[in-house]
Amino acid sequence: MMLVMARMRAQMSEFGDGSKGEVRVFANSTAIVGFLGPTIRTFLEAYPQIDVHLEEWSSPFIVRALRDGLADLGVFWSGVSTAGLTVHPFRRSNLVVVVPLQHPLADRSEVSFAETLDYDLIAFHEGSLIFRMMQSCAADLQRKLRVRLQVTSFDAMRTMVRAGIGLAVMSDVTVKTPDESYGYKVIPFSDEWTKLESLVGYRDFDALPRCAQNFVRHLQSPHPGLIQGRAT
């Protein structure tokens, strides 16, 4: 029923050319903070009469919401199951470890994830896919995360690192490599699994409103850092 209603919504839209309307987008925190801003700006410049309704959710919730018809499209990490959805590669990013300036790892140019397990962690909330991946990788090493604090924003993570409470694992697109005045250092991981990919996903392209179809096309256009690829 939800799919039928979505098709009717797309077919009966009074804005047949997709130049007006509203696009409902769910995206994870990394996508919103790291790279969606310029993309949405250029879309709104091209379609000034379209409103983009953007909501921040975890990747697992976004996939469920797309299947339930709560959003037109989503931007999420590739580590979640996308059965029943059409997905396109969007952006790549790498996980990094952020440590206080006086931390034992601060002078390293690269670290393994296993090495970080010896230290207190400032973690993102449990619903995040990155946190789940970290738990899984720690379990594979027969270790546990030494979670000191859990927070719900990247700003809070950096603030707690500067305070010397622990290290944090973040995406490189959400934290620039700073000088020492920032109060922390950013160190790349050597592990292959820390190289991540974001996807754009939706349930049925033909069922999307025309304005949402235009947004999907915009996301697939050759922006800096965009991955070109076929739907899977």
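**Exercise 1.** Which charged end sits over the ring of Phe90?

Solution. The model is predicted. Start at the ring of Phe90 and look for a charge above it. The charged end of Arg91 sits there, 4.9 Å from the ring centre. The cut-off for such a contact is 6 Å from CZ of Arg to the ring centre.

**Exercise 2.** Classify the ring pair of Phe113 and Trp193, then place both residues in the chain.

Solution. Begin with the full search: eleven aromatic pairs turn up in the whole structure. Take Phe113 and Trp193 from these: their centres are 5.2 Å apart and their planes stand at 85 degrees. Planes over 60 degrees apart count as edge-to-face, so this pair is edge-to-face. Next, locate the partners. Phe113 belongs to helix H4 (residues 113-116). Trp193 lies in the loop between strand S8 (184-188) and strand S9 (195-202). The pair links distant parts of the chain, 80 residues apart. Last, check accessibility. Phe113 is buried at 2%, whereas Trp193 is partly exposed at 22%.

**Exercise 3.** Which residues do ring pairs link into a cluster with Trp57?

Solution. Follow the ring pairs: the cluster consists of Phe26, Trp57 and Phe61.

**Exercise 4.** Work out how strands S5 and S6 are arranged.

Solution. Take the sense first. S5 (residues 121-124) and S6 (residues 147-151) pair in parallel, over four bridges. Within the pairing, Ile122 of S5 faces Leu149 of S6. Now add helix H5 (residues 129-140): S5, H5 and S6 form a right-handed β-α-β unit.

**Exercise 5.** Are Cys137 and Cys211 buried or exposed?

Solution. The cut-off for buried is under 20% relative accessible area. Cys137 has 16%, so Cys137 is buried. Cys211 has 4%, so Cys211 is buried. The structure has zero disulfides.

Conventions
Residues numbered from 1 in each chain as written. Predicted model: local features only at pLDDT ≥ 70, side-chain atom pairs only at ≥ 80, totals over all residues. Heavy atoms only, no water. Disulfide = S-S within 2.5 Å. Buried < 20%, exposed > 50% of the residue type's maximum accessible area, 1.4 Å probe, protein only. Pairing = 2+ DSSP bridges. Helix = DSSP H or I, 4+ residues; strand = E, 2+ residues; numbered from the N terminus. Right-handed = clockwise from strand over helix to strand, strands pointing away. Phe/Tyr/Trp six-rings, centres within 6.5 Å; stacked < 30°, edge-to-face > 60°. Lys NZ or Arg CZ within 6 Å of the ring centre and 35° of its normal.
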